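Open the model in your viewer and keep the sequence panel beside it. This tour goes stop by stop: what to select, then what is there.

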Amino acid sequence: MSDLVFEKAPSKPWFSLLFGKRRGSDLPLLRAEWRGAKPWMVSEYQEICGFLKTAELPITYPQVLATPLHFQLLAHPAFPFPILGLVHVSQVIEQKRPILQHELPDILTWCD
């Protein structure tokens with residue numbers, strides 16, 4: 001298992017994502033966490049996606065916060081598959097309670 005922990009938004013590892021050579025079939029448990037994730041450009045996101053401008057984050061916005069962590073997992077040296085050509089076929093969003101814009105949630109994402 002490999003854990004990556006960030007106190008601020010991680011940078012995007014574009015070179016590793018696009019040009020890293022991967023070979024393998026076993027996917028180890030990889031986790032990435034961003035503690036105190038600060039939402040950004042929420043009003044622009046609300047406008048572009050057609051959400052009402054409220055103090056709550058749109059239900060899909062946590063996915064935006066998790067995206068930099070996804071990039072880190074995909075670029076991790078232990079991730080065995082080439083990035084180009086990978087697709088996901090479904091996604092489910094379940095909201096337990098609204099997240100307010102001023103909150104700084106911890107985001108945890110993993111693959112295994």
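**Stop 1: the end of α2**

Select Gly50, which follows α2 and has a positive phi, near 80 degrees. Bear in mind throughout that this is a predicted model.

**Stop 2: the two sides of α2**

Step back into helix α2, residues 42-49. Which of its residues are buried? Val42, Tyr45 and Gln46 are. They lie on the same side of α2, because they cover an arc of only 100 degrees around the axis. Now show α3, residues 61-75: the buried residues of α2 pack against this helix. Turn to the other side of α2, where Glu47 and Ile48 are exposed.

Keep Glu47 selected and add Lys53. Their side chains meet in a salt bridge, 3.5 Å from N to O. Both Lys53 and Glu47 are exposed.

**Stop 3: β2 and its partner**

Select strand β2, residues 30-34. Four of its five residues are buried, so the strand is mostly covered. Add strand β3, residues 107-111. The two strands pair in the antiparallel sense, over five bridges. To check the register, pick Glu33: opposite this residue, in β3, stands Leu108.

**Stop 4: the largest nonpolar core**

In soluble globular proteins, nonpolar side chains tend to be buried together. Here the largest nonpolar core has 17 residues. Select Trp34, Tyr61, Leu65, Leu69 and Ile107, the members that touch the most others in this core. Then colour by element: β2, α2, α3 and β3 each give two or more residues to the core. Which element gives the most? It is α3, with five residues.

Zoom in on Tyr61. What does Tyr61 touch, once residues up to four places away in sequence are set aside? Pro39, Trp40, Val42 and Tyr45. Two of these names are familiar from Stop 2: Val42 and Tyr45 are buried residues of α2.

**Stop 5: Gln72**

Stay in helix α3 and select Gln72. Is Gln72 buried or exposed? Gln72 counts as buried, because its relative accessibility is 14%, and the cut-off for buried is under 20%. Show its surroundings next. Leaving aside neighbours within four places in sequence, Gln72 is in contact with Leu4, Phe6, Pro10, Ser11 and Pro13.

**Stop 6: salt bridges**

How many salt bridges does a search of the whole structure find? Six. Start with Arg35 and Glu7, whose side chains meet at 3.9 Å, N to O. This pair links distant parts of the chain, 28 residues apart. Arg35 is in the loop between β2 and α2. Glu7 is in the loop between β1 (2-6) and α1 (14-19). Their accessibility classes can be read off too. Arg35 counts as partly exposed because its relative accessibility is 38%. Glu7, at 58%, counts as exposed.

Now bring back Glu33, the residue opposite Leu108. Glu7, Glu33 and Arg35 are linked in a network of salt bridges.

Finish with Glu103 and Arg97. Their side chains meet in a salt bridge of 2.8 Å, N to O. At 48% relative accessibility, Arg97 counts as partly exposed.

**Last view**

Show α2 and α3 together once more. The buried residues of α2 pack against α3, and both helices give two or more residues to the largest nonpolar core. Leave Tyr61 highlighted, with Val42 and Tyr45 among its contacts.

Key. Residues numbered from 1 in each chain as written. Predicted model: local features only at pLDDT ≥ 70, side-chain atom pairs only at ≥ 80, totals over all residues. Heavy atoms only, no water. Buried < 20%, exposed > 50% of the residue type's maximum accessible area, 1.4 Å probe, protein only. Arc of directions from axis to C-beta. Contact = heavy atoms within 4.5 Å. Pairing = 2+ DSSP bridges. Core = buried A, V, L, I, M, F, W, Y, C linked by side-chain atoms within 4.5 Å. Salt bridge = Lys/Arg side-chain N within 4 Å of Asp/Glu carboxyl O.
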